[in-house]
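Reader: Hi! I'm new to reading protein models, and I'd like some help going through one. Could we take it a piece at a time?

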Amino acid sequence: MAKRLSSQLFVNRLSSFTNNEQLKRLFSPFGDVTEARMVVDRITQRPKGFGFVTYKSDVEAQKALKAMNGRIT
């Protein structure tokens, strides 16, 4: 599931084994990803299953939101 925050998307329901590079690859088909960041647990350093994807433009973010919202990967 993805939610739009300007040109940045909040993405949740990701595998705890997903890394930043995989997240970027997953969202790259929809536009120029400037940042893809998984949120990690401070103690274990393992991803918490959610993160943020930032696009160069709002149009690209909107396209990714429409395509990925509700999709299970």
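Author: Happy to, and we'll go through ring pairs, the nonpolar core, salt bridges and a serine. Keep in mind that this is a predicted model.

Reader: Great, rings to start. How many aromatic pairs does the structure hold?

Author: There are two aromatic pairs. In one of them, F10 and F50 have ring centres 5.8 Å apart and planes at 50 degrees, so this pair is tilted.

Reader: Why does that angle make it tilted?

Author: Planes under 30 degrees apart would count as stacked and over 60 as edge-to-face, with the rest called tilted. The F10 and F50 planes are at 50 degrees, so they belong with the tilted ones.

Reader: Where do F10 and F50 lie?

Author: F10 is in strand β2, residues 8-11, while F50 is in strand β4, residues 47-55. The pair therefore ties together parts that are 40 residues apart in sequence.

Reader: And which residues form the other pair?

Author: That pair joins F10 and F52, with 5.6 Å from centre to centre and 55 degrees between the planes, again tilted. F52 lies in strand β4 and F10 in β2, so here the parts tied together are 42 residues apart in sequence.

Reader: What do the ring pairs make of F10, F50 and F52?

Author: They link F10, F50 and F52 into a cluster.

Reader: Is F52 buried or exposed?

Author: F52 is buried, with a relative accessible area of 18%. F10 counts as partly exposed at 21%, and F50 is partly exposed too, at 26%.

Reader: Why is 18% called buried when 21% is partly exposed?

Author: The cut-off for buried is under 20%. F52 has 18%, so F52 is buried, whereas F10 has 21% and therefore counts as partly exposed.

Reader: Got it! New topic: which residues in the largest nonpolar core touch the most other members?

Author: That core has 15 residues, and L9, L23, F27, V53 and Y55 touch the most other members. Elements giving two or more residues to the core are β2, α1 (20-27), β3 (33-40), β4 and α2 (58-68).

Reader: Which one gives the most?

Author: Helix α2 does, with four residues.

Reader: What does L23 touch?

Author: Leaving out residues up to four places away in sequence, L23 touches L14, T18, A36, R37, M38, F52 and V53. You'll recognise F52 from the ring cluster.

Reader: Switching again: how many salt bridges are there?

Author: A search of the whole structure finds two. One is between D32 and K56, whose closest N and O atoms are 3.7 Å apart.

Reader: What does that one tie together?

Author: D32 is in the loop between α1 and β3, and K56 is in the loop between β4 and α2, so their pair ties together parts 24 residues apart in sequence. K56 counts as exposed at 64% relative accessibility, while D32 is partly exposed at 37%.

Reader: Which side chains meet in the other one?

Author: Those of E35 and R37, with 3.7 Å from N to O. E35 is partly exposed at 38%, and R37 is partly exposed at 35%.

Reader: Last one! Where is S7 placed, and what does S7 touch?

Author: S7 sits in the loop between β1 (2-5) and β2, and counts as buried at 16% relative accessibility. Not counting residues up to four places away in sequence, S7 touches V53, T54, Y55, S57, D58 and A61. Two of those, V53 and Y55, came up in the nonpolar core.

Technical notes
Residues numbered from 1 in each chain as written. Predicted model: local features only at pLDDT ≥ 70, side-chain atom pairs only at ≥ 80, totals over all residues. Heavy atoms only, no water. Phe/Tyr/Trp six-rings, centres within 6.5 Å; stacked < 30°, edge-to-face > 60°. Buried < 20%, exposed > 50% of the residue type's maximum accessible area, 1.4 Å probe, protein only. Core = buried A, V, L, I, M, F, W, Y, C linked by side-chain atoms within 4.5 Å. Contact = heavy atoms within 4.5 Å. Salt bridge = Lys/Arg side-chain N within 4 Å of Asp/Glu carboxyl O.
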